[in-house]
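The report below follows the strands, their pairing and the division of the chain into domains. Please keep the sequence and the structure in view while reading.

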Amino acid sequence: STLQGFRASFLDAIADPFYMPESECIRYFGDGLLIVEDGKVKEIGNYADLQAKYAEVDIADYRDRLIVSGFIDTHIHFPQTEMIASYGEQLLEWLSTYTFPTERKFSDRQYAADIAEIFLDELLRNGTTTALVFTTVFPQSTDAFFEAAQRRNLRMIAGKVLMDCHAPDYLTDTATSSYTETKQLIEKWHKCDRLLYAVTPRFAVTSSSEQLSVAGRLLQEFPDVYLHTHLSENVKEVAYIAEAFPESKGYLDVYDQAGLVGERSIFAHGVQLTDQEFARLAETKSAIAFCPTSNMFLGSGLFKIEKAKSVETPIKVGLGTDVGAGTSFSILRTACAAYQVAQLRSQKLSPFQALFLATLGGARALCLEDQLGNFETGKEADFVVLNPRSTAIMALRNQLFNSNHPLTLPEVADQLFATLIMGDDRAIAATYIMGELVKFNQ
Ligand code: GUN
Ligand code: FE
């Protein structure tokens, strides 16, 4: 077996700070040592306590850096990488004007493979080590994505998009073809190395009730695959669903009647959810991907984080960039936007709550808490080396953060907050996958 050591400041979440005192949820080692064995966490603690035990181990010195668990993006579209920042439209017009013509290109398998490399490079450059990913309706684009992720040994969840109506002919499948193609892809990729499969109907606008039932049938046949879709993002979309599914009680109920709501279901957005829908999501242990940069960019609205994380209806929540409606691949930029969305609703999102959403909260939303999300023994060693002083102004703002000054917990909260609000890809000094360096920025 091979042992590796990392000396740095470490910060991780071990419980949910939306429900417990932050001091019980967050661990901080000002001068810490992380020991990785065969790609997994063996031990973490104070350097002074562990140094003698691991005297023989090679230790990478990151003493003026802050190491956190790898960021988890709970909703993103890899084929939309090239159409980020497309001007002027809200959801439905944005889809027909920009998105559908772009996704058409992904019938070309080589094109999909080329974009998948650019996409994964960008995720890793931004410290995102796991993501839940939309591909396109073309199964060859799903193959291309999984192949690229497998070559890099990444833990990724993805699926072919199901869409059989209200979209151009060039971008639709049928209920029958989506069943056959999805089943083949599940058998090929689910649990292949670190990869996992999500049955991915685009949203209820572009799937017939027959196709939604097919998705439900696939979940019954393969009980440990995921369900990934969009839910209640935009006012016009919700009105359309009420019209198209008059027999349903609401948007979530359309998915519920097809058997798509449950513990391994992740719904992007949920901006327009009713109180009853929040309650149903809590009851079924479903998860929401909160995508603040997308919700602002498309003018969709302000997600009610305090409802989703209330004591009455506790829902698993992660952060999603939702590129290309989202405006950045960076989970730091996304956390900043989440803070701003909370402020616009007179709510607070604390720096440790934001860190939780970006790491352990995302892992829980994706049912990956046993594998990822913090530095507990046995977890996969995907982590990020942050530089809280990556620009001149951040260096000025985060003066307290230097190698010979271990901080108090309130000081760490303050320096982390400034890093979340001001940081971007430049603050990601390095990214590690299973203990191996994959990106080094500075
Ligand atoms: N709803 C259905 N498709 C999409 C998409 O591609 N992006 C977003 N933001 N919402 C959607
Ligand atoms: Fe999306």
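Two strands are said to pair if DSSP finds at least two bridges between them. The model discussed here is a predicted one, and in it strand E12 and strand E13 (residues 316–319) meet that condition, because they are joined by 4 bridges, in the parallel sense. Within this pair, Ala289 of E12 stands opposite Gly318 of E13.

Strand E12 also has a partner in strand E11 (residues 265–269), to which it is paired in the parallel sense over 3 bridges, and here Ala289 is the residue of E12 that stands opposite Ala268. The connection between these two strands involves helix H10 (residues 275–283), since E11, H10 and E12 make up a β-α-β unit of right-handed sense.

How are the two faces of strand E12 (residues 287–290) covered, and by which residues is this shown? In a regular strand, side chains alternate between the two faces of the sheet. In E12, Ala287 and Ala289 lie on one side, Ile288 and Phe290 lie on the other, and all four are buried, with both faces covered.

A separate description applies to an open sheet of 7 strands, in which the pairing is mixed and the order is E3-E2-E1-E4-E14-E15-E16. Its edge strands, each of which pairs on one side only, are strand E3 (40–46) and strand E16, and from one strand to the next the twist averages 35°. Inside this order, strand E14 (residues 383–386) and strand E15 run antiparallel and are joined by 4 bridges, with Leu386 standing opposite Ile428 in E15.

The strand pairs described above are set out together here.

| Strand pair | Sense | Bridges | Opposite residues |
|---|---|---|---|
| E11 and E12 | parallel | 3 bridges | Ala268 and Ala289 |
| E12 and E13 | parallel | 4 bridges | Ala289 and Gly318 |
| E14 and E15 | antiparallel | 4 bridges | Leu386 and Ile428 |

At the level of the whole chain, the protein is divided into domain 1 (3–69 + 374–440) and domain 2 (71–329), whose centres, taken over C-alpha atoms, are separated by 31 Å. Where the two domains meet, 12 residues of domain 1 are in contact with 13 residues of domain 2. On the side of domain 1 that touches domain 2, the elements that give two or more residues are strand E15 (428–433) and strand E16 (436–440), and E15 gives the most, with 3 residues. By class, that side of domain 1 has 7 nonpolar, 1 polar and 4 charged residues.

Terms used. Residues numbered from 1 in each chain as written. Chains lettered and ligands numbered in written order. Predicted model: local features only at pLDDT ≥ 70, side-chain atom pairs only at ≥ 80, totals over all residues. Buried ≥ 20, exposed ≤ 12 C-beta atoms within 10 Å, placed from the backbone. Right-handed = clockwise from strand over helix to strand, strands pointing away. Domains from an automatic or database assignment. Contact = placed C-beta atoms within 7 Å. Nonpolar A, V, L, I, M, F, W, Y, C, P; charged D, E, K, R; others polar. Axes fitted to C-alpha atoms, helices over the stretch in contact; angles between N-to-C directions.
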